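Student: Could you take me through one part of this model up close? I'd like to know what sits there, and then how it compares with what else turns up in the structure.

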Amino acid sequence: MAAAQLTEGTITVGGQTLFYRQGMPGQQRPRLSVLLLHGIRFSSETWLNLQTLSQLADAGYRAVAIDLPGFGHSKEASAPVPVGELAPGSFLKSVFEALQFDQAVVISPSLSGMYSLPFLFQHSELLKAYIPVAPICTEKFPVTQYASVKTPALIVYGDQDTQLGEMSLSNLKNLPNHKEMMMKGAGHACYLDKPEEWHRGLLEFLKSIE
């Protein structure tokens, strides 16, 4: 099997340039597309260094990690709203269009909840699955809104994350079609604490929704 290919590029969203890193399977057509967002202290480089991009590509997926506005190599782009507020659902829809995604899985840790949650509720038809990792802003939506979403979800959190992890879980578990992945001994950025467990659980879930 040909080795996965890792590349870099930019897309234009709302007149602003956003940087991304992409992992593609060697020769076969990708089985699924996966969009990786990031938390406030991180960027697309996190997923490169953790080897999540290469692991996903080696497993046959198209994996794209973007630098959100104001972060990483997208520093020149201004965020649509202040941190902690909700971005328009159309933001990620435009990212999907720019990356030519038909449907994709969205992985959304921490800060990126301000982008992914409005997208989940407004454009769930574009989501193959949703993988929130202790995202912010979950408390801004009523139980009835969660209950109306049919999208498969994998709720990931570390058991040492007693703030955002616990609060986001209490809201996200109202998604009717969800599984939970609790990582023992892991904190808020649980994927950094337990990378092997993270990749194993992620790939198992992706295989289950193909």
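Tutor: Let's start with Cys 137, which is found in the loop between strand 6 and helix 5. Keep in mind that this is a predicted model, so every value here is computed from it. The backbone at Cys 137 is worth a look: phi is near 80 degrees, a positive value in a residue other than glycine. That catches the eye because most residues other than glycine have a negative phi. Cys 137 is also buried, with a relative accessible area of 2%.

Ala 134 belongs to this loop too, which runs between strand 6 (127-133) and helix 5 (143-147). Its phi is near 45 degrees, again a positive value in a residue other than glycine. Ala 134 is buried as well, at 1% relative accessible area. To put both in one picture, Cys 137 has a positive phi and is buried, and Ala 134 has a positive phi and is buried.

Now for the charged side chains elsewhere. In general, side chains of opposite charge can pair when their charged atoms come close. Searching the whole structure turns up four salt bridges. One of them joins Arg 21 to Glu 8, with 3.2 Å between the closest N and O atoms. Arg 21 sits in strand 2 (residues 16-24) and Glu 8 in strand 1 (residues 5-13), so this pair ties together parts that are 13 residues apart in sequence. The two partners have contrasting surroundings: Arg 21 counts as buried at 7% relative accessibility, whereas Glu 8 is exposed, with a relative accessible area of 57%.

Helix 3 (residues 90-99) holds another pair, Lys 93 and Glu 97, which lie four residues apart, about one turn of the helix. Their side chains meet in a salt bridge at 2.9 Å, N to O. Lys 93 is partly exposed, with 28% relative accessible area, and Glu 97 is partly exposed too, at 49%. That 49% falls in the partly exposed class because exposed means over 50%.

Then there's Lys 194, which forms a salt bridge with Glu 197; here the closest N and O atoms are 3.9 Å apart. The pair still counts because the cut-off for a salt bridge is within 4 Å. Lys 194 is partly exposed at 29% relative accessible area, and Glu 197 is partly exposed at 24%.

Key. Residues are numbered from 1 along each chain as its sequence is written. This is a predicted model: local features need pLDDT of at least 70, side-chain atom pairs count only at pLDDT 80 or more; totals for chains, interfaces and linings use all residues. Side-chain values use heavy atoms; hydrogens and water are left out. Helices (H or I, at least four residues) and strands (E, at least two) are DSSP runs, numbered from the N terminus. Buried means under 20% relative accessible area, exposed over 50%, partly exposed in between (1.4 Å probe, protein chains only).
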